[in-house]
Amino acid sequence: MTPHDAAPPPEKRDLVITTADGFPISATLFSGTGEGPLALISAAAAVPRGFYARFAVHLVQDHGFRAALTYDYRGVSGSTAPSDWRRPLLMRDWAHFDMPAALKRLEAEAPGHPVVGIGQSFGGQVLALGGCSDRFQRYLMVATMTGYWGNTKTRYRVFSQMNLIGVPLALLLGKVPGQVGLGQTLPGTVFREWARWGRHPEYFFADQSMDAVRRFGEVETPILALGMTDDPWGTPRAQHALLKYYHRAPTEIRWLSPEEAGGPIGHLGFFRSQFRDTLWQPAVEWLQQT
């Protein structure tokens, strides 16, 4: 299906999905009647699922995807902790529990149907850490990299935001407000784990409890990694620091510039609807290849 053959707007349903460890996460399912693949959209850190709604609608309505699902990681936006939840919220659980639960719910929409994934920033890391990469036919990574501060363009600003401002706030308030400039408000325990990983040149690959080297080395899913030349976080060094661990996955890298896009992109801008004709189209066509 091409954009000129657009179907009616997809049905939109807000859901609550219970993860394997019993946490309720909020999700939105966009479903249609097309025969294209199912698409799971995994967010960047501290970015709410609503940010990806227009892209999800575009997949289903304009390109015939069977359905697309967006979701909030635990502790982010709509996925608040129940009053009786006692375990600390951790960033690793976004990948270990939240993504697999969202994928399972999406697959239930059309059992046996092909599934593709789209992950922005941290959403590209969950492909390996979630332990279910074999269920994706293809995976589009947007601005995906490790979070080590030394690989960013604005190194000392990032280090200050994370460690001199964010960590003290996490300890003092039990959370880090979104006004710090890193997105939505995050639970302090999530933020502190993220900051700890980001202080090491090898990020969470240096954390033996993550078993990340083995997990990444098992992935064989074809990957298209999109980098933005004006992204202060996802520099070539930062991208390579992650992709080198996906050494068994067929990987294509494309760098996108504001000039070809028709405006600034940055770390999060790819999913703005102004780029549907310039940036979205080639990426969706890649996802639809068999």
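R74 and D21 meet through their side chains in a salt bridge, with 2.8 Å from N to O. R74 sits in the loop between β4 (65-71) and α2 (92-109), while D21 sits in the loop between β1 (11-18) and β2 (24-31), so this pair ties together parts that are 53 residues apart in sequence. Both of these residues, R74 and D21, are buried. Keep in mind that what you're looking at is a predicted model.

**More on R74 and its partners**

- R74 also forms a salt bridge with D93, and here the closest N and O atoms are 3.9 Å apart.
- D93 belongs to helix α2 and R74 to the loop between β4 and α2, so this second pair ties together parts that are 19 residues apart in sequence.
- Like the pair above, R74 and D93 are both buried.
- Zoom out a little and you'll find a network of salt bridges that links D21, R74, R87, D93 and D98.

**Another salt bridge to look up**

- R196 pairs with D207 in a salt bridge, and their closest N and O atoms are 3.4 Å apart.
- R196 lies in helix α5 and D207 in the loop between α5 and α6, so the two tie together parts that are 11 residues apart in sequence.
- Buried or exposed? For D207, the relative accessibility is 12%, so D207 counts as buried, the cut-off being under 20%.
- R196 comes out as partly exposed, because its relative accessible area of 39% falls between the 20% and 50% cut-offs.
- If you'd like to hunt for others, a search of the whole structure turns up 21 salt bridges.

**Charges across the chain**

- On the positive side there are 28 side chains, and on the negative side there are 26.
- The centres of those two sets lie 7 Å apart.

**Two residues with a positive phi**

- A46 isn't a glycine, yet it has a positive phi of about 65°.
- You'll find A46 in the loop between β3 (36-42) and α1 (53-63).
- With a relative accessible area of 1%, A46 is buried.
- D211 isn't a glycine either, and its phi is also positive, at about 50°.
- Look for D211 in the loop between α5 (188-198) and α6 (212-217).
- D211 is partly exposed, and its relative accessible area is 32%.

**The chain as a whole**

- What is the chain built from? It has nine helices and 10 strands.
- How does the overall shape stack up against a simple rule? For 290 residues, a compact globule would have a radius of gyration near 19 Å, and the chain's 18 Å agrees with that.
- Along its principal axes, the C-alpha trace spans about 55 × 45 × 35 Å.
- Of the chain's 290 residues, 58% count as buried.
- Take the contacts between residues at least 6 apart in sequence: 70% of them join residues at least 24 apart.
- As for the surface, the chain exposes about 12,000 Å², and carbon and sulfur atoms supply 52% of that area.

**Where to start looking**

- A handy first stop is R74, which bridges to D21 and also to D93.
- From there, move to the α5 region, where R196 in the helix meets D207 in the loop that follows between α5 and α6.
- D211 is found in the loop between α5 and α6 too, so you can visit it on the way.

Methods
Residues are numbered from 1 along each chain as its sequence is written. This is a predicted model: local features need pLDDT of at least 70, side-chain atom pairs count only at pLDDT 80 or more; totals for chains, interfaces and linings use all residues. Side-chain values use heavy atoms; hydrogens and water are left out. Helices (H or I, at least four residues) and strands (E, at least two) are DSSP runs, numbered from the N terminus. The radius of gyration is taken over C-alpha atoms; the globule rule is 2.2 Å times the number of residues to the power 0.38. Buried means under 20% relative accessible area, exposed over 50%, partly exposed in between (1.4 Å probe, protein chains only). Contact means heavy atoms within 4.5 Å. Accessible areas come from the Shrake-Rupley method with a 1.4 Å probe; for residues, only the protein chains shown count as cover. Lys and Arg count as positive and Asp and Glu as negative; His and the chain ends are not counted. The place of a charge is taken as NZ of Lys, CZ of Arg, CG of Asp or CD of Glu. A salt bridge is a side-chain nitrogen of Lys or Arg within 4 Å of a carboxyl oxygen of Asp or Glu.
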